Amino acid sequence: MKSTTWDCVLHQAVPMRDCFKQLVDARNGSLLAYVRGRTSDDADDIAQDVWLKVWHNRAGFTAGSYMAWVLTIAASSDRCSSAK
């Protein structure tokens, strides 16, 4: 993922919805792999829940690794932390 993808969210260069779609498209595979490694539950549903949390908490991201932030949200999910 190019840094400009996340930059567009931070600086609202294009509509926020379009930027977020680019982010999800670029990083959903990584999130799914992470979730599948942590639980036997439906990874697609969990990933969708995580992306919703990311969207609703997007103002809370200030700096650092975007994907680390997403994975932290995933790790804190009750559904993702269930034993495999």
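Phe20 counts as buried in this predicted model, because its relative accessibility comes to 14%, and the cut-off for buried is under 20%. The residue is found in helix 2, which covers residues 16-38. Along the sequence, Phe20 and Arg58 are 38 residues apart, yet their C-alpha atoms lie 9.7 Å from each other in space.

Stepping back to the whole chain, the secondary structure adds up to four helices and zero strands. Read from the N terminus, the order is simply α-α-α-α. The protein chain has 84 residues, and 33% of them count as buried. As for contacts between residues at least 6 apart in sequence, 57% join residues that are at least 24 apart.

Helix 4 turns up in two of the packings described here, so a look at its buried residues comes first. Two packed helices are described by the angle between their axes and the distance between the axes. In helix 4, the buried residues are Tyr66, Met67, Trp69, Val70, Ile73 and Ala74. Seen down the axis of helix 4, these residues fall within an arc of 160°, so they line one face of the helix. An α-helix has 3.6 residues a turn, so residues three or four places apart point the same way.

Helix 2 packs against helix 4 at an angle of about 40°, and their axes are 11 Å apart. The two helices are therefore oblique to each other, and helix 2 passes helix 4 in a right-handed crossing. On the helix 2 side, the contact is made by Leu23, Arg27, Ser30, Leu31, Tyr34 and Arg38. Helix 4 brings in Tyr66, Met67, Val70, Leu71, Ala74 and Ala75. Sorted by class, the residues of this contact are nine nonpolar, one polar and two charged.

Helix 3 (residues 43-56) also packs with helix 4 (residues 66-75), at an angle of about 120° and with 9 Å between the axes. Helix 3 and helix 4 are therefore oblique to each other as well, and their crossing is right-handed. Helix 3 takes part through Val50, Trp51, Lys53 and Val54, while helix 4 does so through Tyr66, Trp69, Val70, Ile73 and Ala74. By class, the contact of helix 3 with helix 4 holds eight nonpolar residues, no polar ones and one charged residue.

Some residues of helix 4 appear in both contacts: Tyr66, Val70 and Ala74 are listed with helix 2 and with helix 3. Tyr66, Val70 and Ala74 are also among the buried residues of helix 4.

Definitions and conventions
Residues numbered from 1 in each chain as written. Predicted model: local features only at pLDDT ≥ 70, side-chain atom pairs only at ≥ 80, totals over all residues. Heavy atoms only, no water. Axes fitted to C-alpha atoms, helices over the stretch in contact; angles between N-to-C directions. Parallel < 35°, antiparallel > 145°, perpendicular 65-115°, else oblique. Left-handed = near helix turned anticlockwise from the far one by under 90°. Contact = heavy atoms within 4.5 Å. Nonpolar A, V, L, I, M, F, W, Y, C, P; charged D, E, K, R; others polar. Buried < 20%, exposed > 50% of the residue type's maximum accessible area, 1.4 Å probe, protein only. Arc of directions from axis to C-beta.
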